[in-house]
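Please open the structure in a viewer and keep the selection tool at hand. The stops below are arranged so that each selection leads to the next.

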Amino acid sequence: MNGVPGTPEARAVSQARPVPGRAAVDGSDCMADENGTRDAGGTADGDERAGGGGRAPGPVGGPQRDPGVFFDRLNPDMCVVTAVAGGERAGCLVGFASQCSIRPPRFAVWLSKANHTYRVARAAQYLAVHLLTREQRDLAELFGGETGDEVDKFARLHWREGPAGAAVLEGAAAWLVGSVLHRIDGGDHVGHVLDPVQWGGEGPDGPLLRLSDAVGIEAGHPAD
Ligand SMILES: Cc1cc2nc3c(=O)[nH]c(=O)nc-3n(C[C@H](O)[C@H](O)[C@H](O)COP(=O)(O)O)c2cc1C
């Protein structure tokens, strides 16, 4: 199963240049922030309003809505995001993730609406984010190549309970647990802005696993 073109999961399977994206349209997702207000960012249709009106210019020589010349240069660190809610545990490999504020410290992870993990994360108060080293590709294969719709990923590894029952994987290079402050509809992925409440960096040293190290892992769940 290949991912949606332009997603890290698609590029992990093939380094071929993606074709124009097809965002999964699902405007029904609740995007309330901690104040209960709704987020205005929910243009899950490919967003032709980007850039303040009018169509954003495409790359010279490329399809107008395919910014592959930009996306294809990205090589983010990969992480495993876990969620616990309603008696369910879930987790998936994530390439769409970054720090998004210094003061206060904030970290955002983007979960595909199609994933089992997203469905659990919708009801979760906390998410745990884990960085992997290159030697931990087996964890990337488990969390990125299998879906919780079919297997219990946690049955095969060591983990412990963090704050509010969050699932913290043993042996990650570094990890943080954050409470979910905001949910932002980005299209076929939903951003979860986290306020870190607990973290650790006692895991192995060495270069982190990046998207280029995950080439060949076929996403366990299609993104559309
Ligand atoms: C290299 C790579 C990067 C991925 N990046 C993301 C991502 O940023 N967000 C996401 O929700 N899924 C991402 N995925 C897809 C999920 O990790 C994958 O579909 C997983 O099997 C979903 O598991 P689940 O259905 O148990 O949640 C990525 C997969 C791969 C292989």
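**An exposed loop residue**

Begin by selecting Asp-152, which counts as exposed because it has 10 C-beta neighbours inside 10 Å. A residue is exposed if 12 or fewer other C-beta atoms lie within 10 Å of its own, buried if there are 20 or more, and partly exposed in between, with C-beta atoms placed from the backbone. Asp-152 sits in the loop between helix H4 (137-145) and strand E6 (159-161). Here helices (H or I, at least four residues) and strands (E, at least two) are DSSP runs, numbered from the N terminus. Now add Gly-91 to the selection: it is 61 residues from Asp-152 along the chain, and the two C-alpha atoms are separated by 9.7 Å.

**The whole chain and its confidence**

Before going further, note how the model is to be read. It is a predicted model, in which local features need pLDDT of at least 70 and side-chain atom pairs count only at pLDDT 80 or more, while totals for chains, interfaces and linings use all residues. Residues are numbered from 1 along each chain as its sequence is written.

Colour the chain by pLDDT, the predictor's confidence in each residue, from 0 to 100. The mean is 81, and 71% of the residues reach 70 or more. Select residues 13-54, where the pLDDT is below 50; beyond near neighbours in sequence, the model gives this stretch 66 contacts. Two residues are in contact if their C-beta atoms, placed from the backbone, lie within 7 Å. Where pLDDT is low, the predicted coordinates should not be read in detail.

Show the chain as a cartoon next. Four helices and nine strands are present, and from the N terminus on they run α-α-β-β-β-β-α-β-α-β-β-β-β. Of the 224 residues, 39% count as buried.

**The open sheet**

Select the seven strands of the open sheet, whose order is E2-E1-E5-E8-E9-E4-E3, with antiparallel pairing. Two strands pair if DSSP finds at least two bridges between them. Which strands stand at the edges? They are E2 (88-94) and E3 (97-101); each has a single partner strand, so one side of each is left without a neighbour in the sheet. Neighbouring strands of this sheet are turned by 35 degrees against each other on average, direction ignored.

Move to strand E5 (residues 126-131). Five of its six residues are buried, so E5 is largely enclosed by the rest of the structure. E5 pairs with E1 in the antiparallel sense over five bridges, and Thr-82 has Ala-128 in E5 as its bridge partner. Six bridges join E5 to strand E8 (residues 174-185), again antiparallel; Leu-127 stands opposite Gly-178 in E8.

Then display H4, which lies across strand E1 (79-85) and E2 and runs at about 115 degrees to E2. Axes are lines fitted to C-alpha atoms, for helices over the stretch in contact, and angles run from 0 to 180 degrees between N-to-C directions.

**The hairpin and its cis bond**

Select E3 together with strand E4 (residues 106-112): four bridges join these antiparallel strands. E3 and E4 form a hairpin with four residues between them. Within E4, Phe-107 is the bridge partner of Gln-99, and Ala-108 is that of Ser-98. Zoom in on Pro-104, in the loop between E3 and E4. A cis peptide bond joins Arg-103 to Pro-104, with omega at about 0 degrees.

**The nonpolar core**

Show the side chain of Val-109. Leaving aside neighbours within four places in sequence, Val-109 is in contact with Val-81, Val-94, Ala-97, Leu-127, Val-129, His-192 and Leu-194. Val-109 is also among the residues that touch the most other members of the largest nonpolar core, which has 43 residues; the others are Val-81, Val-94, Leu-127, Val-129 and Ala-140. A nonpolar core is a set of buried Ala, Val, Leu, Ile, Met, Phe, Trp, Tyr and Cys residues joined through C-beta atoms within 7 Å.

**Around strand E6**

Finish with Trp-159, located in strand E6. Trp-159 is partly exposed, with 19 other C-beta atoms within 10 Å. Beyond four places in sequence, Trp-159 touches Phe-154, Ala-167, Val-168, Leu-169 and Glu-170. The C-alpha atoms of Trp-159 and Leu-169 are separated by 4.2 Å, with their positions 10 residues apart along the chain.

The last selection is Ala-164, in the loop between E6 and strand E7 (167-169). Ala-164 has a positive phi of about 50 degrees although it is not a glycine.
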